[in-house]
Amino acid sequence: MITTLAILLFVNAGWNALVWPQFFKRISRDPRAHDAQGKPTRFLVVHVVLIAVSLTIALASLLAGIAALTGAW
């Protein structure tokens, strides 16, 4: 069961690490991301916060998966 948990956590971490950086590239190029003066809009800021939280969760999943496999948990 622990191995299954670790695999699930690794898949979660990998998925987030692959998807969110690509999403950031698209969001940053979106015309709504910057105002006429080139400053970031709330649209960009909100998405950057969401991406940062998701990548933090991915890191936590990776560390939890490693802890589960090594018995540190």
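1. Salt bridge. The count comes to one salt bridge, defined as a side-chain nitrogen of Lys or Arg within 4 Å of a carboxyl oxygen of Asp or Glu. Arg32 pairs with Asp30, and their closest N and O atoms are 2.9 Å apart. Side chains of opposite charge can pair when their charged atoms come close. The two partners are covered to unlike degrees: Arg32 is exposed at 53% relative accessible area, whereas Asp30 is buried at 18%. The cut-offs are under 20% relative accessible area for buried, over 50% for exposed and partly exposed in between, with a 1.4 Å probe and protein chains only.

2. Basis. This is a predicted model, in which local features need pLDDT of at least 70, side-chain atom pairs count only at pLDDT 80 or more, and totals for chains, interfaces and linings use all residues. Residues are numbered from 1 along each chain as its sequence is written, and side-chain values use heavy atoms, with hydrogens and water left out.

3. Overall form. The protein chain has two helices and zero strands. These elements are DSSP runs numbered from the N terminus: H or I over at least four residues for helices, E over at least two for strands. The radius of gyration is 16 Å, against near 11 Å for a compact globule of 73 residues. That radius is taken over C-alpha atoms, and the globule rule is 2.2 Å times the number of residues to the power 0.38. Along the principal axes, the C-alpha atoms fill a box of roughly 55 × 15 × 10 Å.

4. Surface and burial. Buried residues make up 25% of the 73 residues. The chain exposes about 5300 Å², with 72% of it supplied by carbon and sulfur atoms. Areas come from the Shrake-Rupley method with a 1.4 Å probe; for residues, only the protein chains shown count as cover.

5. Helix α1. It covers residues 2–29, and its end C-alpha atoms are 41 Å apart, which agrees with an expected span of 40 Å for 28 residues. The expected span is 1.5 Å times one less than the number of residues. Ala6, Leu9, Ala13, Asn16 and Ile27 are its buried residues. They pack against α2 (42–70).

6. Helix α2. Its 29 residues should span 42 Å, and the end C-alpha atoms are 42 Å apart. Its buried residues include Phe43, Leu44, His47, Ile51, Ser54 and Ala58. The buried residues of α2 pack against α1. Just after α2, Gly71 takes a positive phi of about 80°.

7. Contacts along the chain. Of the contacts between residues at least 6 apart in sequence, 60% join residues at least 24 apart. Contact means heavy atoms within 4.5 Å. As a distance across the sequence, Ile57 and Asn12 are 45 residues apart, yet their C-alpha atoms are 8.9 Å apart.

8. Nonpolar patch. Val45, Val49, Val53 and Ile57 form a surface patch with about 330 Å² of accessible area together. Patch residues have over 30% relative accessible area and no salt bridge; like charges are joined within 9 Å, and nonpolar side chains (Val, Leu, Ile, Met, Phe, Trp, Tyr) within 5 Å. Val53 is in helix α2 and is partly exposed at 45%. Ile57 is also in α2, partly exposed at 47%. An α-helix has 3.6 residues a turn, so residues three or four places apart point the same way.

9. The loop. Arg32 lies between α1 and α2. Leaving out residues up to four places away in sequence, Arg32 touches Thr41 and Phe43. Arg32 and Phe43 are 11 residues apart in sequence and 6.6 Å apart, C-alpha to C-alpha.
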